[in-house]
Amino acid sequence: MTSTALTAAGPATVALAQGAAVAAPPSTTVTAPERFFPQAPGTDYFLADYDQYERYLQRVAGESDRMKLESFGTSAEGRTQWMAIVSSPENLAQLDRYRDISRRLARAEGLTAEQAADLARDGKAIVWIDAGLHATETVTTQGQIQIIHRLLTQNDPETRRTLDDVIILFGHANPDGLQLVADWYMRNEDPLKREFNSIPRLYQKYVGHDNNRDSYMSLMPETENINRVHYREWFPQIVFNQHQTGPRGMVVFIPPFRDPFNYNFDPLVMTTTTEVGTIMHSRLISEGKAGSGMDSVAPYSTWHNGMYRSAPYFHNMVGILTEIIGGPTPEAIPLIPETQLARNDEPLPIAPRMWHLQDSIDYQWSMNRAVIDYASRNRERLLMGIYQMAANSIERGSQDSWTITPQKVDDLKAAATTSDRGAIDAGLFDTVLKTAENRDPRGFIINPEEQRDLPTTVAFLNALMKSGVDVEVASAPFTVGGKRYPQGAYVVKTAQAFRPHVLDMFEPQDHPHNTEYPGGPPKLPYDVAGYTLAYQMGVTFDRVLDGFEGPFSRAGDQLTTPPGAVIGSGRAGFAIPHEVNNSFILTNRLLKAGASVEWLESGAKIGRTQLQPGALWVQASPESSAAVRAAVSELGFNAYALDRKPAGGAIALKPVRVGLVDRYGGVMSAGWTRWLLEQYEFPFEVVYPQTLSAGNLNDQFDVLVFTDGTTPALNHAAYRPQRNQPLPKADDIPEAYRAWLGEVTADATVPQIAEFARNGGSVITIGSANRLAHLLGAPIAPALVKEENGTQRPLATTEFFLPGSILSAKVDNTDPLAFGMPAQADVFFSNGQTYRITGAGAKSVAWFDTDAPLRSGWAHHQELLKDTSAVVEVDIGKGKLFVYGVEVLQRAQPAGTFRLFFNGLLYGPAAAAD
């Protein structure tokens, strides 16, 4: 099949597409998609799966001299991620050279502007275009098949020119998801019954849609693979991330984006992104393709660093997001009156009509073509632009510099005593904004001896390195600012190309207080407002404002945690600190082997070392001694071999049977938890509502975990209604998945959970699942509510608003639930609920002790949190209920609060055993 919209540009696009010359006929030696796949990709009611896609790429790579196929890693389920590198044969013969030019310009180290200009003249623009990140957004992969074929076969002047000037990296972001979704869609022989709304599990093995929230962590293998291509190997000047679906009544969202603008990145990256987006709109309009919108038509902003298209901004790269309608099942574009009036943000409205997959692919081709053409026409500008931004970063990190944040603007306004039509005393710019204490840091120093959890700190540094950040290690002791640091200290300087990313990971976010209109309700951020990774992971660091040097060498690859040691020669057992998350790995290995493991309630004093409450005591045996000695080297903590068990009470641990609650279709928070439990070697089983409602839970589990979003059918007046994805009918899905259907309900399920707790089981609830705590009769009351006519309701956003931000909480680290925690901890909170204790049997383990707990992000009326509980421990019969109002596991990022959850998995069963 050949779509007329995919032929060489017609007269309307001559100026954009250089279509004036007569195109040579397309190549016939490259297999056309319609001759390879069971049906042509782009036809209604058909989806090619990843196996077919992979075989097709392998076929055409062997047929065309315009394409080279490379693997860039392996997916979570073991599939190869392929990157089709498309360019002219001459460029493909010199890929190493052009990749090196791209790297040198992007890093800007040791380059003068003249040298950079020479490289830019010699180099080729690099453009990354992905597909399939969100697997149910099916247009992108099906369209990529057609687009690659067209670029391999067309010989029109634009194609030849762009292939000479540009190296295009077509990467697939989620092979496993494509295979799942396409096979599920195609399972029905009747095309009219084909759908993928009822897929039984997440379309990435662990995190589903959140695979686009992992960019600065690189926890999922697919993210790590793509980040390596972007920030360590190829350094593309443009990253084009394609998504669905478009705004209602329209076809596609394309940048420019709405505010807020993240103040950390170079403004040139956003003006160039806007430039590229505008060119894309113009191309569609010039081709008569209506229905594109920008800015206000969608909620997308450029604030958050965690997404595939936004992380490039912090690396001086253009990031393009498109969101288009369509799919294999035809749909109707509805008539939305407001979309019919042309305006700046929607210049060419589209009339209501039926819409087919090929229509979306036609638009996708035009948008791809526009991006590639822009890169061709602006090749040297793009290459010099990425160099200039990198050079700017190095310069700013090498001298005193200042970043203006919303709070500093507020300080400026507060300092003004007079105003003339909004203008204030210009001298305040220097006396308020450009003060010595307001300078940006020149770098950050991490003393390994000051870390509560050194392996987690090393994981933080490795996350930076996976994103291309330079980390240095001291080869000898040194002094900075009068403070002495040891050999092995870690240094992250801001005088490097990716300075915006460094600042964004160490410094607090100060999100603008945007409102829908002056005096109106807050405008919801796109995703979260505050996410400072160093805070979330509990990293201790020094922020250095003056330039400094030392005996530093750059770490070439991933850091390894310095090995721990067994200290002492005692034979009774081992005392091990509780502060290190990796201690839970050892605990689980020992419990699995039947060894004796206890928590020392008063900790232990060992010489000059004080182990805080919760320190592990492992009774010595040949097996446990071997396990401990192996673990300290592998996992990076010390163990103290003692001749006698330290004095004081102890809690004996037992092997636990964890039931992780999920629902049909998969809940992302449960998926993240599943991944985390695997990393720390907790034994668990995924459990669905039918099993819970059937009862006899104590015979199967010791702990039940309900993460955010797993109880959508439960209602409580203090909580906002939850989104509840409708479940399919049992007869419409394969029998193997029918046991996954059902919901946690007040009538059928809650009584069984209550019986489980009364009989000694532990129940853990997080986020929206905390409404279960009230149905279980916990003596706690929601704090962030208002009484109206005798009925509670959650506070309106004008009354309290705290979207995804980091707060400081007081912690009772003498309570077993908080063993190993600091007395003050950074916690992640997102418009959730906090609590007040209303009766006996409940205890606050973490709470907000100040009226200004915000550390990073945005808070409106944060004073309402003061003296409310963030984490509560409740006795229910012989069992325990642990209620987490803060997101202690949020996307597996806040390693500093993992212990609050891990402790709950072990403490409840141990207390019940007592």
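Gln 154 counts as buried, at 4% relative accessibility. The model described here is a predicted one. Gln 154 is found in a loop, between α6 (139-153) and α7 (157-165). Its side chain joins that of Asp 156 in a polar contact of 3.0 Å. How far apart are Gln 154 and Ile 324 in space, C-alpha to C-alpha? The distance is 25 Å, while 170 residues separate Gln 154 and Ile 324 in sequence.

**A second buried loop residue**

Asp 470 also lies in a loop. This loop runs between α15 (454-466) and β12 (472-474). Is Asp 470 buried or exposed? Asp 470 has a relative accessible area of 13%. Buried means under 20%, so Asp 470 is buried. The side chain of Asp 470 makes a polar contact of 2.5 Å with the side chain of Arg 107. Arg 107 is also on the list of residues in contact with Asp 470, leaving aside neighbours within four places in sequence. The others on that list are Glu 109, Val 491, Val 492, Gln 496 and Arg 554.

The two loop residues are set out below.

| Residue | Loop between | Relative accessibility | Side-chain polar contact |
|---|---|---|---|
| Gln 154 | α6 (139-153) and α7 (157-165) | 4% | Asp 156, 3.0 Å |
| Asp 470 | α15 (454-466) and β12 (472-474) | 13% | Arg 107, 2.5 Å |

**A helix pair**

Helix α4 covers residues 95-107 and helix α5 covers residues 113-122. Their axes come within 10 Å. They cross at roughly 145°, and the crossing is left-handed. Which residues of α4 meet α5? They are Arg 97, Tyr 98, Ile 101, Arg 104 and Leu 105. On the α5 side, the residues are Ala 116, Leu 119, Ala 120 and Asp 122. Six residues of this contact are nonpolar and three are charged. None is polar.

**The nonpolar cores**

The largest nonpolar core has 122 residues. Which of its residues touch the most other members? They are Phe 460, Phe 506, Phe 901 and Leu 905. Helix α24 (residues 898-913) gives this core its largest share, eight residues. A second core is separate and has 68 residues. Ile 145, Ile 168, Val 251 and Tyr 664 are among them.

Back in the largest core, Phe 506 has many partners to trace. Not counting residues up to four places away in sequence, Phe 506 touches Phe 444, Ile 446, Phe 460, Leu 464 and Val 492, among others. Thr 532, Ala 534, Tyr 535 and Phe 541 are also touched by Phe 506. Val 492 is in contact with Asp 470 as well.

Conventions. Residues numbered from 1 in each chain as written. Predicted model: local features only at pLDDT ≥ 70, side-chain atom pairs only at ≥ 80, totals over all residues. Heavy atoms only, no water. Helix = DSSP H or I, 4+ residues; strand = E, 2+ residues; numbered from the N terminus. Buried < 20%, exposed > 50% of the residue type's maximum accessible area, 1.4 Å probe, protein only. Polar contact = N/O pair within 3.5 Å; in protein donor to acceptor, adjacent residues only side chain to side chain. Contact = heavy atoms within 4.5 Å. Core = buried A, V, L, I, M, F, W, Y, C linked by side-chain atoms within 4.5 Å. Axes fitted to C-alpha atoms, helices over the stretch in contact; angles between N-to-C directions. Left-handed = near helix turned anticlockwise from the far one by under 90°. Nonpolar A, V, L, I, M, F, W, Y, C, P; charged D, E, K, R; others polar.
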